[in-house]
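Welcome! Take a moment to look over the sequence and the model below, and then we can explore its inner spaces together.

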Amino acid sequence: MSLPFDLRALRYFLAVAEHGGFTRAARELHVAQSAVSQTIAGLEARLELTLFHRHERRISLTPEGELLRVQARELIEHAEGVGLAMREVHGLVKGEVRIGTPSMLGSYYFPPLLMGFKARHPGIRLTVVEAGTRRLQEMIATGDLDLGVITSDASNQQFERRPLLREEMVVCVPLGHRFAGRTAVDAAEVFEEPLVLFQDGYFHREFVDRLAEELRLEPKIAFQSNLIPLTKAIVRQGFGITTFLRRVISEDDLVAVPLSPPAYLDLSLAWGKGAYLSRAESAFVDFVMAHREHL
């Protein structure tokens, strides 16, 4: 639908109404008086309404003009608000990034990156969602997340990916365990022990399941938990052992034992293939890629 006015015409109209005349309005707008007069005449013609009473030495608003004055002021204020919002987004003063991370990364790897980005762009809101990598992939695909940290494997070729982290997966055992003094442990020996594992859909669980499949062994699952502190407590009390990314194990009463051969996990920052990234999201990707060596 074609509108009978534009923002410039409304600005001229409000200036004439506020200053009570075309000459003073033109002076305030820094345009010729004829431009103001022609714009108002054109506005009245398109609206098919008389907006001003023209007296010999002054002008005043008609009832129709008074109604337009109220509506025009609201429109101009809203338009200025939209313009400000766009300038803020362009300058990364405002915006939102919805990022999904597996629990291990969210707790032990990502906080410095998130805090660093927030310090640089305090007006951008960060929403962080914790879930398994498969669930994160689903949320990215459906648009519920803008970005997510997922495993780098053949199952997620439908995403745009940037390599983020390569970290060693190690066995976590308590002090005094038969593996504790080892320099490495064979994966087959791990499956002789009761295991504390994440639930399906987490990279931690997929890693163990993949090892079991390769060795044609059945894991002895004693506990399933997605809570890292609870998993550590169970291991500490000797009810089972688990696997973690190496950095997750920092306590004096827990021991990180490498696998033989060593096992590594590759993780990527991902988003939908061909998906539009806002300026805030693009800035976050750039920041993470520039600082990933600090992970």
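## Spaces inside the model

S11 gives the largest share of the lining of the largest pocket, with 8 residues. Please keep in mind that this is a predicted model.

The volume of the largest pocket is about 370 Å³. In total 21 residues line the largest pocket, and those closest to its centre are Phe207, Arg210, Leu211, Glu214 and Ala263. Helix H8 (187-190), helix H9 (203-215) and strand S11 (254-272) each contribute at least two residues to this lining.

The structure also has 1 cavity of 30 Å³ or more. Around the largest cavity you will find Ala187, Val190, Phe191, Val208, Leu211, Thr243 and Leu259 as lining residues. Both H8 and H9 supply at least two residues each to the lining of the largest cavity.

Here are the two spaces in a small table.

| Space | Volume | Nonpolar lining residues | Polar lining residues | Charged lining residues |
|---|---|---|---|---|
| Largest pocket | about 370 Å³ | 12 nonpolar | 3 polar | 6 charged |
| Largest cavity | about 30 Å³ | 6 nonpolar | 1 polar | no charged |

Let us turn to a single residue. His177 sits in the loop between strand S6 (159-174) and strand S7 (185-186). Is His177 buried or exposed? Its relative accessibility is 17%, so His177 counts as buried, given that buried means under 20%. Setting aside neighbours within four places in sequence, His177 is in contact with Glu193 and Ile241.

Note on methods: Residues are numbered from 1 along each chain as its sequence is written. This is a predicted model: local features need pLDDT of at least 70, side-chain atom pairs count only at pLDDT 80 or more; totals for chains, interfaces and linings use all residues. Side-chain values use heavy atoms; hydrogens and water are left out. On a 1 Å grid over the protein atoms alone, a cavity is a set of points where a 1.4 Å probe fits but cannot get out, and a pocket is an open set with protein on both sides within 12 Å along at least five of seven lines; lining residues have an atom within 4 Å of a point. Grid points are joined across faces, edges and corners, and a volume is the space filled by probe spheres set on the points. Helices (H or I, at least four residues) and strands (E, at least two) are DSSP runs, numbered from the N terminus. Ala, Val, Leu, Ile, Met, Phe, Trp, Tyr, Cys and Pro count as nonpolar, Asp, Glu, Lys and Arg as charged, and the others, Gly among them, as polar. Buried means under 20% relative accessible area, exposed over 50%, partly exposed in between (1.4 Å probe, protein chains only). Contact means heavy atoms within 4.5 Å.
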